[in-house]
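Colleague: I'm new to this one, and I'd like to know where the labels come from. Could you walk me through it?

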Amino acid sequence: MTSDTPLRGRTILMSGGSRGIGLAIARRAAADGANVAILAKTDTPHPKLPGTIHTAAAEIEAAGGRALPIVGDVREEASVAAAVAATVDRFGGIDIIVNNASAIDLSPSTELAMKRFDLMQAIEVRGTFLLTREAVPHLRGSQHAHILTLSPPLNLSARWLGAHVGYMLAKYGMTLAALGFAAEFAPDGIASNTLWPATVIATAAVQNLLGGDATMARARTPEIMADAAHAILSRPPGERTGQTLLDEDVLTGVDLSAYGPSDALADLFVD
């Protein structure tokens, strides 16, 4: 490991990661020579969203890393425990957890089906808590322990509280969990932060579900999120924890308490 490849030999376990922002983060870490295990359900292609856990693994290895694709469900305790065990068995430990998996439904509250509400809370909140809980015993054994959760700053203005309440609850739940982890695991030397895009990111989900060609034309590529995640995860865990970060702020060196508004509440739709 050198200053040019700070994640070489580090082991990352990510929920989701078959496509979009999660895959971009995985590829960027792989370029350093990281080990990347991805826990996702996409064993076969989605009719509208390209990529599977297997194509993602191939891209990770092509980028220079070692990949472990794990077919599983971040909502299920046995599945997550098995993923953690498989990662440790393959790579010898876990240094970094990336809570990336999300579901999205932007329906108004009176139209949001409870099945979809429950799905978002289960993947975003339960999944984030469960994956982190199962991995913490191994993070405690790492000298470079990070938890990175892809969720937004807590903006309590009416604009954000009133927009997509079901989805807002799920994503803000991820952020609250991440801040809680930062406080709970500080004595163990484990950093926990969140990362969110400052503007819309060009992903297949945005193309198909959140605006089509017009939105894609003004969107930035997922690589800006990948570069920001790499910058966060490359630093010693004692340097930054308990922060809710925007990608542009990370990359420009702005004060990173980052509680301002984001125009990208619905940008993360991953596995």
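Modeller: Let's go from the whole chain to the sheet, then to the helices and two loops. Keep in mind that this is a predicted model.

Colleague: Fine. What does the secondary structure of the chain come to?

Modeller: The chain has 10 helices and 7 strands. Of its 271 residues, 57% are buried. And among contacts between residues at least 6 apart in sequence, 73% join residues at least 24 apart.

Colleague: In what order do the 7 strands of the sheet come?

Modeller: The order is β3-β2-β1-β4-β5-β6-β7, in an open sheet with parallel pairing. From one strand to the next the twist averages 20 degrees.

Colleague: What makes β3 and β7 edge strands?

Modeller: Each of them, β3 (66-71) and β7 (244-246), pairs on one side only. Pairing takes at least two bridges. On the β3 side, 6 bridges join β3 to β2 (residues 35-40), with N35 and R66 as bridge partners. On the β7 side, there are 3 bridges between β6 and β7, where T194 stands opposite T244.

Colleague: And how many bridges join the strands in between, such as β1 to β4?

Modeller: That pair has 3 bridges and runs parallel, with I12 opposite I96 of β4. Next, 4 bridges join β4 to β5, again parallel, and N99 stands opposite T149 of β5. Then β5 and β6 pair over 5 bridges in the parallel sense, with H146 facing A191 of β6.

Colleague: How do you know that β6 is largely enclosed by the rest of the structure?

Modeller: Count its residues: 6 of the 6 in β6 (residues 191-196) are buried, so the strand is largely enclosed. Buried here means under 20% relative accessible area. Both faces are covered too, with A191, N193 and L195 on one side and S192, T194 and W196 on the other.

Colleague: Why do the residues split into two sets like that?

Modeller: In a regular strand, side chains alternate between the two faces of the sheet. You can see a split in β4 (residues 96-99) as well: I96 and V98 point one way, I97 and N99 the other, and all are buried.

Colleague: Now the helices. Which strands does α1 lie across?

Modeller: Helix α1 lies across β1 (11-15), β2 and β5 (146-150), and runs at about 175 degrees to β1. Helix α3 (residues 77-91) also packs on the sheet, touching β1, β2 and β3, and its direction makes about 160 degrees with that of β3.

Colleague: Why are α1 and α9 called oblique to each other?

Modeller: Look at the angle: the axes of α1 (residues 20-31) and α9 (residues 223-234) come within 8 Å and cross at roughly 50 degrees. Roughly parallel would need an angle under 35 degrees, and roughly perpendicular needs 65 to 115. The value fits neither, and therefore the two are oblique. The crossing is right-handed. I21, A24, I25, R27 and R28 of α1 and E223, M225, A226, D227, A229 and H230 of α9 make the contact, which divides into 6 nonpolar, 1 polar and 4 charged residues.

Colleague: What makes α4 roughly parallel to α6?

Modeller: The axes of α4 (residues 114-139) and α6 (residues 165-184) come within 8 Å and cross at roughly 10 degrees. That is under 35 degrees, so the pair counts as roughly parallel. Among the residues that meet are F117, M120 and F129 in α4 and L169, M174 and F181 in α6. By class, the contact has 10 nonpolar, 5 polar and 2 charged residues.

Colleague: Last, the loops. Why does A163 count as buried?

Modeller: Its relative accessibility is 18%, and the cut-off is under 20%, so A163 is buried. The residue sits in the loop between α5 (158-161) and α6. Its C-alpha atom is separated by 7.9 Å from that of P108, 55 residues apart along the chain.

Colleague: And L156, buried or exposed?

Modeller: L156 has a relative accessible area of 64%. Exposed means over 50%, so L156 is exposed. L156 lies in the loop between β5 and α5. Leaving aside neighbours within four places in sequence, L156 is in contact with L161 and Y172.

Note on methods:
Residues are numbered from 1 along each chain as its sequence is written. This is a predicted model: local features need pLDDT of at least 70, side-chain atom pairs count only at pLDDT 80 or more; totals for chains, interfaces and linings use all residues. Side-chain values use heavy atoms; hydrogens and water are left out. Axes are lines fitted to C-alpha atoms, for helices over the stretch in contact, and angles run from 0 to 180 degrees between N-to-C directions. Angles under 35 degrees count as roughly parallel, over 145 as roughly antiparallel, 65 to 115 as roughly perpendicular and the rest as oblique. A crossing is left-handed if the near helix is turned anticlockwise from the far one by less than a right angle, and right-handed if clockwise. Contact means heavy atoms within 4.5 Å. Ala, Val, Leu, Ile, Met, Phe, Trp, Tyr, Cys and Pro count as nonpolar, Asp, Glu, Lys and Arg as charged, and the others, Gly among them, as polar. Buried means under 20% relative accessible area, exposed over 50%, partly exposed in between (1.4 Å probe, protein chains only).
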